[in-house]
Amino acid sequence: MLNTLSEWPYPRWIAHRGAGKLAPENTLAAFRLGAQHGYQMFECDAKLSRDGVVFLMHDATLNRTTNGQGIGGDLTWHDLAQLDAGSWHSRAYAGEPLLSLANLARFCQRNRYFLNIEIKPTPGTDQVTGQVVAEHAAALWAHADNLPLLTSFKPEALAGAKTTAPHLPRGLLLDTLWEGWLTTARQLECRAIVCHYALWDASLVNQVHAAGMRCLSYTVNDEWATEWLIALGTDGIITDRVDVFSPV
């Protein structure tokens with residue numbers, strides 16, 4: 001189990017939703033494109049279908065990134081798998097399907113890639129989504145040493161993940177420094193704090209490192225910001241600009 005700052009196998013550069021905005025987010029086409037740009041770690045968004053399959057999608061609703069309508073979690077995986085998740089992006093990706101976590105796990109393990117799985121519950125399903133995503137991830141990576149990093153804005157989701165698969169590393173996502181965030185991260189035995197990049201300063205980096213956790217940032221697309229974050233001593237950068245920032 002990862003339990004010290006020295007035990008951190010993940011690379012600094014992480015491709016957001018596969019390839020940022022260059023391909024339809026959270027699809028296999030996006031992860032393949034990110035890999036073509038040299039990335040070894042990817043971020044994705046995971047939620048549950050009505051019948052408990054873990055699939056990748058950021059929004060609660062299907063409308064923005066598929067040709068479907070309504071709440072994604074209300075449909076079975078059989079119905080979700082029929083949707084077009086590529087045409088919204090561009091004609092080149094027309095017909096690209098939604099991606100299950102199982103299929104992404106196979107892609108990552110065969111290529112020795114790392115994965116940051118953001119647990120993105122449909123509203124009202126925080127704890128159960130954390131439990132099921134962690135259960136599936138633990139099974140999918142049962143014989144792998146490149147364990148995924150589980151993150152969420154929802155402490156209840158991380159608590160569910162901790163209960164189901166305590167050996168999988170966890171990270172608390174923050175868009176603000178709400179009261180009690182560090183205490184919550186400690187209670188959840190988090191290995192990382194993943195902040196909106198503008199929240200970091202030297203004091204916060206020192207505070208997080210002193211607590212034995214790593215400092216990651218989202219979503220960083222400007223060169224000045226990457227230079228600043230590296231100078232601060234942060235540990236990971238999630239970016240859309242896989243075509244600009246070389247991960248090597």
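Colleague: Happy to look at this predicted model with you. Which residues of H4 are buried?

Modeller: Good place to start, since helix H4 covers residues 126-140. Buried here means under 20% relative accessible area. The residues of H4 that meet this are Asp126, Thr129, Gly130, Val132, Val133, Ala134, Ala137 and Ala138.

Colleague: And what covers the buried residues of H4?

Modeller: Both strands and helices take part. Among the helices are H3 (101-111) and H5 (155-164). The strands include S2 (41-48), S3 (54-56), S4 (114-119) and S5 (149-152).

Colleague: How far apart are the end C-alpha atoms of H4?

Modeller: Let's start from the expected span. H4 has 15 residues, and at 1.5 Å a residue these should span 21 Å. The model agrees, because the end C-alpha atoms are separated by 21 Å.

Colleague: Now threonine 27: is it buried or exposed?

Modeller: Threonine 27 sits in the loop between strand S1 (13-15) and helix H1 (28-36). Leaving out residues up to four places away in sequence, threonine 27 touches Ala85, Glu96, Pro97 and Leu99. Its relative accessibility is 1%, and the cut-off is under 20%, so threonine 27 counts as buried.

Colleague: Last one: which atom of glutamate 7 lies 3.0 Å from a polar atom of the side chain of arginine 191?

Modeller: Arginine 191 belongs to the loop between helix H6 (181-187) and strand S7 (192-196), and at 5% relative accessibility it counts as buried. Glutamate 7 is 184 residues away along the chain, yet the two C-alpha atoms are separated by 9.9 Å. The atom 3.0 Å from that arginine 191 side-chain atom is glutamate 7's backbone oxygen.

Methods: Residues are numbered from 1 along each chain as its sequence is written. This is a predicted model: local features need pLDDT of at least 70, side-chain atom pairs count only at pLDDT 80 or more; totals for chains, interfaces and linings use all residues. Side-chain values use heavy atoms; hydrogens and water are left out. Helices (H or I, at least four residues) and strands (E, at least two) are DSSP runs, numbered from the N terminus. Buried means under 20% relative accessible area, exposed over 50%, partly exposed in between (1.4 Å probe, protein chains only). Contact means heavy atoms within 4.5 Å. A polar contact is a pair of N or O atoms within 3.5 Å; within protein, one must be able to donate a hydrogen and the other to accept it, and residues adjacent in sequence count only if both atoms are side-chain atoms. The expected span of a helix is 1.5 Å times one less than its number of residues.
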